[in-house]
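This report describes the secondary structure, packing and selected residues of a single model. The sequence and structure are shown first, and the description follows.

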Amino acid sequence: METLRLLQTLSDAFGVTGFEDEARETLRTLVQPYADEIRTDVLGNLLVTRRGGSGFTVMLDAHLDEIGLIVNYVDERGFLHFATLGGWDTRILPAQAVMVRTRDGRKVRGVIGSQPPHILKSEERDKPIPLESLFIDVGASSADQAAGLGIRVGDPVVLGHSFEVVREGWVLGKAFDDRAGCAVLVKVLEELAGTTPEATLVMNFAVSEETGLRGARTAAFQIDPQVALAVEATVAADVPGVAPPRQPAGVGKGAAITLADQSSIVSQRMVRALEALAQRHEIRYQLKLPLFGGTDAGAIQTSRAGVLAGVVSIPVRYIHSPVSLMWLDDFEQVVRLVTAFAREAKTLFGQ
Ligand code: CO
């Protein structure tokens with residue numbers, strides 16, 4: 001599938017953490033032509049097997065979920081109160097357009113309301129708005145009207161911008177963390193079509209990464225891989241006002257290889273293998289600065305008796321916000337590195 005259409009389809013899919021079914025079904029359709037086996041587990045992970053020429057098993061993981069909100073109270077005037085799901089900077093929530101997905105699958109547009117600036121006292125204007133005083137306004141004027149729209153406590157809410165090409169090579173979207181990683185894995189399947197890989201590949205499109213790496217933990221147990229790679233979108237903080245030591249990764253520098261983050265310290269053997277692979281295939285790469293962020297690799301690494309697990313990421317600006325920015329060349333470098341890993345992991349780590 002053409003890369004732009006693939007990214008659009010995946011980024012626009014609804015998949016608030018814990019409510020990943022729509023994103024999962026989108027992926028199921030995309031991987032169907034290439035998979036030997038597809039199944040969904042109890043938590044909702046999508047496990048996709050591509051059988052290879054040996055029992056050596058490589059797990060490739062990308063998470064399906066995106067950060068969002070959950071309705072936790074509907075007041076008598078029809079305003080929705082909410083809690084956050086995943087790591088938001090709550091200062092950026094006011095005035096964002098949202099979409100509530102109801103239990104019967106309706107999608108209701110709304111906006112995160114707050115008090116208008118005109119009526120604020122000057123000292124209030126300089127302060128972030130506390131989360132408790134924000135609410136979602138869907139234009140309902142009573143709790144009954146909100147119920148009539150299908151809205152109930154527990155409904156998930158997504159924020160964000162539809163996929164858009166800003167200019168050639170640059171794209172905007174709401175969920176590149178981590179649907180861009182999911183897109184990488186679809187591309188890897190395309191690349192391997194018609195070949196027999198040395199190792200058996202099991203791809204896990206994981207649920208609930210944003211709320212504690214929960215899906216990857218149970219998936220790794222089932223897959224029981226010899227080696228694993230988490231494919232992520234990571235923090236490109238190469239923007240004004242950020243000192244270089246605070247920039248975990250940068251746009252344009254290619255595939256980001258993790259050394260250590262909050263969830264794992266990657267084995268030196270894995271880091272060296274990924275670097276050597278990138279050098280041999282002339283793939284542009286960068287080393288992501290420790291110790292920012294955390295990924296599914298942290299949960300995979302400690303599965304069973306331990307798994308040799310690495311992380312390769314696309315540098316993306318403004319992740320964990322309603323709209324992030326990615327340079328397609330960085331995406332392509334990650335596709336090439338993960339494809340090379342999928343092809344060569346047995347040779348690299350087999351003994
Ligand atoms: Co992520």
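Threonine 3 lies in helix H1, which covers residues 3–12; helices are DSSP runs of H or I with at least four residues, strands are runs of E with at least two, and both are numbered from the N terminus. The model is a predicted one, in which local features need pLDDT of at least 70 and side-chain atom pairs count only at pLDDT 80 or more, whereas totals for chains, interfaces and linings use all residues. Residues are numbered from 1 along each chain as its sequence is written, and side-chain values use heavy atoms, with hydrogens and water left out.

With a relative accessible area of 14%, threonine 3 is buried. Buried here means under 20% relative accessible area, exposed means over 50%, and partly exposed lies in between, for a 1.4 Å probe and protein chains only. Residues up to four places away in sequence aside, threonine 3 touches Lys187, Leu328, Phe331 and Glu332, contact being defined as heavy atoms within 4.5 Å.

## The eight-stranded sheet

An open sheet of mixed pairing is formed by eight strands in the order S1-S2-S12-S3-S13-S16-S14-S15. Two strands pair if DSSP finds at least two bridges between them. Strand S1 (37–40) and strand S15 (285–288) stand at the edges with a single partner strand each, so one side of each has no neighbour in the sheet. On average, neighbouring strands of this sheet are turned by 25° against each other, direction ignored.

Within the sheet, S13 (residues 227–235) and S16 (residues 308–316) are joined in the parallel sense by nine bridges, and valine 231 stands opposite valine 312 in S16. Helix H5 (residues 176–192) packs on the sheet, where it touches strands S2 (46–50), S3 (57–63), S12 (200–206), S13 and S16. The direction of H5 makes about 145° with that of S3. Such angles run from 0 to 180 degrees between N-to-C directions, and the axes are lines fitted to C-alpha atoms, for helices over the stretch in contact. Helix H7 (residues 268–280) lies across S13, S14 (255–258), S15 and S16 and runs at about 50° to S16.

## Strand S6 and its partners

Strand S6 (residues 97–101) is mostly covered, with four of its five residues buried. Its pairings with S7 and S9 are both listed below.

| Strand pair | Sense | Bridges | Opposed residues |
|---|---|---|---|
| S6 and S7 (residues 107–113) | antiparallel | five bridges | arginine 101 and lysine 107 |
| S6 and S9 (residues 156–159) | antiparallel | three bridges | valine 100 and valine 157 |

The hairpin of S6 and S7 has five residues between the strands, and glycine 105 takes a positive phi near 90° there.

## Nonpolar cores and helix H9

In soluble globular proteins, nonpolar side chains tend to be buried together. The largest nonpolar core of this model has 64 residues, and those with the most contacts inside it are Leu27, Phe205, Met326, Val338 and Phe341. A nonpolar core is a set of buried Ala, Val, Leu, Ile, Met, Phe, Trp, Tyr and Cys residues joined through side-chain atoms within 4.5 Å. Helix H9 gives the most to this core, with 11 residues. A second, separate core of 20 residues includes Val71, Leu93, Leu134 and Val157.

Methionine 326 touches, among others, Leu7, Trp170, Ile314 and Phe331, not counting residues up to four places away in sequence.

Alanine 345 belongs to H9 (residues 328–349) and is buried, with a relative accessible area of 0%. Leaving aside neighbours within four places in sequence, alanine 345 is in contact with Phe56, Val58, Val227 and Gly350.

The whole structure holds four aromatic pairs. In one pair, the ring centres of phenylalanine 341 and phenylalanine 349 are 6.0 Å apart and their planes stand at 55°, so the pair is tilted. Rings of Phe, Tyr and Trp (its six-membered ring) pair if their centres lie within 6.5 Å; planes under 30 degrees apart count as stacked, over 60 as edge-to-face and the rest as tilted. Phenylalanine 341 is buried at 1% relative accessibility, and phenylalanine 349 is buried at 5%.

## The annotated glutamate

Under "active site", UniProt lists Glu209 in an unreviewed entry; UniProt positions are given in the numbering used here, feature names are shortened, and annotations may be inferred rather than shown by experiment. Glutamate 209 is found in the loop between S12 and helix H6 (214–223) and is buried, with a relative accessible area of 7%. Not counting residues up to four places away in sequence, glutamate 209 touches His63, Asp65, Glu232, Gly294, Thr295 and Asp296.
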